[in-house]
Amino acid sequence: MYPLRSLILAAAGNQTIRHMVGSAPVSRDVVRRYVAGETTADAVAVTGRLVAAGLTVTLDYLGEDTTDTALAERTVQAYLELLDALEARGLAERAEVSVKLSAVGQLLDERLALDNAGRICAAAQRCGTTVTLDMEDHTTTDSTLRVLGELRTRWPWVGAVLQAYLRRTLDDCDRLATAGSRVRLCKGAYAEPPDVAFADAHEVDLSYVRCAMALLGGDGFPMFATHDPRLVRLLGERAGEYGRKPGSFEFQMLYGIRPEEQLRLAQVGHTVRVYVPYGGEWYGYLMRRLAERPANLAFFLRSLATRG
Ligand code: FDA
């Protein structure tokens with residue numbers, strides 16, 4: 001991993017920095033670039049705009065690493081309210097939800113996270129949409145895949161996320177590339193030790209390509225989550241070679257990142273799903289986005305210096 005990226009991710013865990021950044025009014029400008037807003041209404045409004053532009057959406061109610069049952073319950077309620085609102089606005093067919101198990105109790109008890117995620121899945125089923133389980137740091141991978149397996153016995157459409165930077169991921173791709181299995185492949189966003197993850201960006205890219213080919217060659221539904229122009233081009237070409245028609249896989253990108261490319265891909269016939277985070281707990285999410293791109297960090301620090 002790049003030293004700057006590790007530094008930012010380490011800073012993300014520092015309580016003093018967290019407080020400073022979290023309370024700076026200027027943070028809001030940067031946050032708004034990547035986050036739909038704080039409320040369900042904000043999330044639904046942004047979803048409506050993206051859907052009208054020909055895109056599909058997955059919504060993430062921000063929050064992670066909850067060690068409080070009441071907070072986990074509040075997260076579940078937020079998803080239930082969101083799903084109702086999407087259905088009421090006729091958006092559920094084009095918008096699903098992404099859930100972090102650590103936000104619904106995984107750190108407290110895996111069973112609690114399973115039950116809570118199950119309540120969200122049941123609501124999604126009623127509304128005619130789907131759920132994808134985000135993947136967090138490597139200490140949670142086995143637990144998350146266990147919960148995924150349990151949920152899929154009732155709701156086979158529950159999506160998984162696999163991170164190409166983990167050395168184990170090609171095996172996980174082979175295991176999950178089965179009929180009906182929705183798998184989002186991303187590079188991975190957490191600071192991981194070298195014994196479990198590739199540290200070099202080029203190695204991560206190579207792993208992404210190997211994993212993507214395993215998914216394209218399997219029977220599942222691959223969801224390629226990347227903004228990397230080289231990967232997007234390669235995947236578009238290789239999908240055809242694997243006999244994949246548009247609609248048998250999709251591209252996914254984050255809200256606010258390469259929006260023109262999102263529209264371009266949709267216009268040439270690809271399904272493009274935009275990951276839209278919303279809610280008050282934006283800090284960890286924002287820090288991971290800043291860590292990915294030093295130019296964004298410079299923009300952020302400049303804003304703090306001029307207006308803070
Ligand atoms: P990379 O970071 O190498 O960037 C490639 C190019 O994309 C850059 O050169 C630039 O052009 C552009 N770009 C990338 N980031 C940018 C930014 N912040 N601002 C402007 N341009 C930027 N991770 C995880 O660990 N668990 C998860 O569940 C998910 N879920 C998820 C869902 C979706 C839909 C996406 C798109 C991503 C995730 N991720 C994730 C995050 C993922 O692991 C990864 O950290 C980011 O997508 C950045 O990696 P890229 O593949 O975009 O490549």
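**Exercise 1. Determine whether Gln 252 is buried or exposed, and describe its surroundings.**

*Solution.* Step 1: Gln 252 has 4% relative accessibility and therefore counts as buried; buried means under 20% relative accessible area, exposed over 50%, and partly exposed in between, with a 1.4 Å probe and protein chains only. The model is predicted, so that local features need pLDDT of at least 70 and side-chain atom pairs count only at pLDDT 80 or more, while totals for chains, interfaces and linings use all residues. Residues are numbered from 1 along each chain as its sequence is written, and side-chain values use heavy atoms, with hydrogens and water left out.

Step 2: Gln 252 belongs to strand β7. Helices (H or I, at least four residues) and strands (E, at least two) are DSSP runs, numbered from the N terminus.

Step 3: Leaving aside neighbours within four places in sequence, the contacts of Gln 252 are Arg 184, Met 223, Phe 224, Ala 225, Thr 226 and Arg 273. Contact means heavy atoms within 4.5 Å.

Step 4: The side chains of Gln 252 and Arg 184 are joined by a polar contact of 2.7 Å. Such a contact is a pair of N or O atoms within 3.5 Å; within protein, one must be able to donate a hydrogen and the other to accept it, and residues adjacent in sequence count only if both atoms are side-chain atoms.

**Exercise 2. State the order of the strands in the open sheet.**

*Solution.* Step 1: The 8 strands follow the order β3-β2-β1-β8-β7-β6-β5-β4, with parallel pairing. Two strands pair if DSSP finds at least two bridges between them.

Step 2: β3 (131-133) and β4 (160-163) are the edge strands, each pairing on one side only.

Step 3: From one strand to the next, the twist averages 30°. Axes are lines fitted to C-alpha atoms, for helices over the stretch in contact, and angles run from 0 to 180 degrees between N-to-C directions.

Step 4: Within the sheet, β7 (residues 250-254) and β8 (residues 272-278) run parallel and are joined by 4 bridges, with Leu 254 opposite Tyr 275 in β8. Helix α11 (residues 259-267) lies across β7 and β8, at about 165° to β7.

Step 5: β5 and β6 also pair in the parallel sense over 4 bridges, and Leu 185 stands opposite Phe 224 in β6. Of the 5 residues of β6, 4 are buried.

**Exercise 3. Check the span of helix α9 and identify what it packs against.**

*Solution.* Step 1: Helix α9 (residues 201-217) has 17 residues, so at 1.5 Å a residue it should span 24 Å. The expected span is 1.5 Å times one less than the number of residues. The end C-alpha atoms are 24 Å apart, in agreement.

Step 2: Asp 200 caps the N-terminal end of α9, with a side-chain oxygen 3.1 Å from the backbone nitrogen of His 202.

Step 3: The buried residues of α9 include Val 204, Tyr 208 and Leu 215. The buried residues of this helix pack against α8 (169-176), β5 (182-186), β6 (221-225) and α10 (229-241).

**Exercise 4. Identify which residues come nearest to the ligand.**

*Solution.* Step 1: Among the 24 residues around the ligand, Lys 187, Gly 188, Thr 226, His 227 and Glu 292 come nearest. A residue is near a molecule or strand if one of its heavy atoms lies within 4 Å of it.

Step 2: An N or O atom in the side chain of Lys 187 is 2.7 Å from an oxygen atom of the ligand. For the side chain of Thr 226, the distance from an N or O atom to a ligand oxygen atom is 2.6 Å.
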